[in-house]
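Biologist: Please take a close look at one part of this model, a place where two helices pack. Then set that part against the rest of the chain.

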Amino acid sequence: MADNLNVRLAGGDDAALAECFHAHGSLIRSYLRRFVPPQEIEDLQQVVFAEVWRSRHRFDPARSLPAWLIGIAHNRAVDHLRVRTLQTVPLDVVADPAGADGRTHGDGLAERDQVQRALAELPAPQRQAIELAYYGELTQREIAEKLSVPLGTVKARTARGLRRLSDILTPVAA
């Protein structure tokens with residue numbers, strides 16, 4: 001049946017275009033979805049099938065129809081993106097982006113620097129346990145395995161280190 005559709009489309013059969021659209025429209029929409037905004041997909045799909053009809057005489061019925069359609073869709077998507085003008089906003093109008101906690105990244109940088117300095121004051125085993133937990137995102141069990149120490153040792157180092165960090169950072173926060 002696909003070969004029959006290929007021959008009829010190449011021969012200029014009007015019904016073949018409708019059948020092609022019905023059979024391969026979702027493939028073309030899926031392909032276009034990767035390149036253009038959702039609100040522009042249907043319009044561009046219509047452009048693709050209009051191009052299919054205009055260039056049907058160049059289609060070789062012995063070749064893959066879906067591959068030919070994707071080629072046309074790709075070219076029309078590229079053309080569409082080339083002529084599209086993107087809205088821009090001057091940088092001086094845009095505020096600094098807020099971090100996950102609602103503060104600007106500048107605030108977070110200062111705080112991160114204070115934490116790094118406080119970590120440097122900890123004994124190496126405590127610092128290592130905390131860094132592996134918070135920056136390495138390892139569980140305490142994974143830290144114990146990585147450092148070849150008992151799980152209780154990792155828990156104690158982490159607890160002592162966090163208590164000490166709290167003492168170091170509290171005067172800064174007050």
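Modeller: Start with helix α6, residues 124–134, and helix α7, residues 140–147. They pack at an angle of about 125 degrees, and their axes lie 10 Å apart. That angle makes α6 oblique to α7 (under 35 degrees is roughly parallel, over 145 roughly antiparallel, 65 to 115 roughly perpendicular, the rest oblique). Axes are lines fitted to C-alpha atoms, for helices over the stretch in contact, and angles run from 0 to 180 degrees between N-to-C directions. The helices themselves are DSSP runs (H or I, at least four residues; strands are E, at least two), numbered from the N terminus.

Some ground rules come next. The model is predicted: local features need pLDDT of at least 70, side-chain atom pairs count only at pLDDT 80 or more, and totals for chains, interfaces and linings use all residues. Residues are numbered from 1 along each chain as its sequence is written, and side-chain values use heavy atoms, with hydrogens and water left out.

Back to the pair. The crossing of α6 and α7 is right-handed (the near helix is turned clockwise from the far one by less than a right angle; anticlockwise would be left-handed). From α6 come Gln 128, Ala 129, Leu 132 and Ala 133. They meet Ile 143, Lys 146 and Leu 147 of α7. Contact here means heavy atoms within 4.5 Å. By class, the residues of this contact are 5 nonpolar, 1 polar and 1 charged. Ala, Val, Leu, Ile, Met, Phe, Trp, Tyr, Cys and Pro count as nonpolar, Asp, Glu, Lys and Arg as charged, and the others, Gly among them, as polar.

Now the loop between α6 and α7. Tyr 135 sits in this loop. Its relative accessible area is 47%, so Tyr 135 is partly exposed (buried is under 20%, exposed over 50%, partly exposed in between, with a 1.4 Å probe and protein chains only). Set aside its neighbours within four places in sequence, and Tyr 135 touches Val 115, Gln 116, Leu 119 and Ile 130.

Glu 137 belongs to the loop between α6 and α7 as well. With a relative accessible area of 69%, Glu 137 is exposed. Its backbone deserves a check: phi is positive, about 55 degrees, although Glu 137 is not a glycine. Most residues other than glycine have a negative phi. Past α7, Ser 148 lies in the loop between α7 and α8 (151–173). Phi of Ser 148 is near 55 degrees, positive again in a residue other than glycine. Ser 148 counts as exposed, at 65% relative accessibility.

For a second packing, take α2 and α4. Helix α2 covers residues 14–33. Helix α4 covers residues 65–83. The two pack at about 45 degrees, with axes 10 Å apart. That makes α2 oblique to α4. Their crossing is right-handed. The α2 side offers Cys 20, His 24, Leu 27, Ile 28, Tyr 31 and Leu 32. The α4 side offers Leu 65, Pro 66, Leu 69, Ile 70, Ala 73, His 74 and Ala 77. This contact holds 11 nonpolar and 2 polar residues, and no charged ones.

His 24 of α2 is worth a stop. It is buried, at 15% relative accessible area. Beyond four places in sequence, His 24 contacts Leu 5, Phe 49, Leu 65, Pro 66 and Leu 69. Ser 26, also in α2, is partly exposed at 43%. Its C-alpha atom is 9.5 Å from that of Gln 45, 19 residues apart along the chain.

Then look at helix α3, residues 41–54, which holds Glu 51. Glu 51 is buried, with a relative accessible area of 15%. Leaving aside neighbours within four places in sequence, its contacts are Arg 58, Ile 72 and Arg 76.

Finally, the whole chain. It has 8 helices and 0 strands. Of its 174 residues, 26% count as buried. Among contacts between residues at least 6 apart in sequence, 55% join residues at least 24 apart. The chain exposes about 11700 Å², and carbon and sulfur atoms supply 54% of that. Such areas come from the Shrake-Rupley method with a 1.4 Å probe; for residues, only the protein chains shown count as cover.
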